Amino acid sequence: MSAPRVGIGTDVHQLVDGRPLWVAGLHWPEAPRGLEGHSDGDCVAHAMVDAVLAAAGLGDIGSRFGTADPRWAGASGTDFLRATADLVREAGLTIGNVSVQLIGNEPRLSSRRDEAAAVLTEAVGAP
């Protein structure tokens, strides 16, 4: 049995008018602005991708799902998480736990925390 691996990921996107807001795998339809990005801009999912890839020694979100690849244009953060989990399993590793902190004024995640946890847990296939 190998020792647990730990990775840290961060992600930041600017809020802009005219985009839907996706955070923690969830759509926030009442939000007046969304996160700018080549994909859906889901900063929580993207930070999780970076943390998992770092722990596995498999690069980062930019090297795996970069903006030069049109397949990822408009992709959801959960798409990235599923693809990342597949890469980790192909490397012979498993994801045991991912923890994330959202730092921002919006959206207020507390009312949907359990829903977000369920969506993100399913996407990475972790307990």
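Mentor: Accessible areas here come from the Shrake-Rupley method with a 1.4 Å probe. By that method the chain has an accessible surface of about 7400 Å², and 52% of that surface belongs to carbon and sulfur atoms. Keep in mind that this is a predicted model.

Trainee: How do you know whether the radius of gyration of the chain agrees with that of a compact globule?

Mentor: Set one value against the other. A compact globule of 127 residues would have a radius of gyration near 14 Å. The chain has 14 Å, so the two agree. Along the principal axes, the C-alpha atoms fill a box of roughly 50 × 35 × 20 Å.

Trainee: What secondary structure does the chain have?

Mentor: Four helices and four strands. Along the sequence the pattern reads β-β-β-β-α-α-α-α. Buried residues account for 41% of the 127.

Trainee: Where does S39 lie?

Mentor: In the loop between β4 (33-35) and α1 (43-56).

Trainee: Why is S39 called buried?

Mentor: Buried means under 20% relative accessible area. S39 has 6% relative accessibility, so S39 counts as buried.

Trainee: Which residues is S39 in contact with, leaving aside neighbours within four places in sequence?

Mentor: R19, H46, W72, G74, A75 and F80.

Trainee: What makes the S39 and H46 side chains a polar contact?

Mentor: The distance is part of it. The N or O atoms must lie within 3.5 Å. The contact between these two side chains is at 3.3 Å.

Trainee: How many aromatic pairs does the structure hold?

Mentor: Three. One of them joins F65 and W72, with 4.8 Å centre to centre and 80° between the planes.

Trainee: Why is the pair of F65 and W72 called edge-to-face?

Mentor: Ring centres must lie within 6.5 Å, and planes over 60 degrees apart count as edge-to-face. The 4.8 Å and 80° of F65 and W72 meet both cut-offs, so the name edge-to-face fits.

Trainee: And why is the pair of W72 and F80 called tilted?

Mentor: Under 30 degrees is stacked, over 60 is edge-to-face, and the rest are tilted. W72 and F80 have ring centres 5.2 Å apart and planes at 45°, so this pair is tilted. Ring pairs link F65, W72 and F80 into a cluster.

Trainee: Are these rings buried or exposed?

Mentor: F65 has 7% relative accessibility, so F65 counts as buried. W72 has 14%, so W72 counts as buried too. F80 is also buried.

Trainee: What lies over the face of W28?

Mentor: R112, at 4.5 Å from the ring centre. The distance cut-off for a charge over a ring is 6 Å.

How values were computed: Residues numbered from 1 in each chain as written. Predicted model: local features only at pLDDT ≥ 70, side-chain atom pairs only at ≥ 80, totals over all residues. Heavy atoms only, no water. Helix = DSSP H or I, 4+ residues; strand = E, 2+ residues; numbered from the N terminus. Buried < 20%, exposed > 50% of the residue type's maximum accessible area, 1.4 Å probe, protein only. Polar contact = N/O pair within 3.5 Å; in protein donor to acceptor, adjacent residues only side chain to side chain. Contact = heavy atoms within 4.5 Å. Phe/Tyr/Trp six-rings, centres within 6.5 Å; stacked < 30°, edge-to-face > 60°. Lys NZ or Arg CZ within 6 Å of the ring centre and 35° of its normal. Rg over C-alpha atoms; globule rule 2.2 N^0.38 Å.
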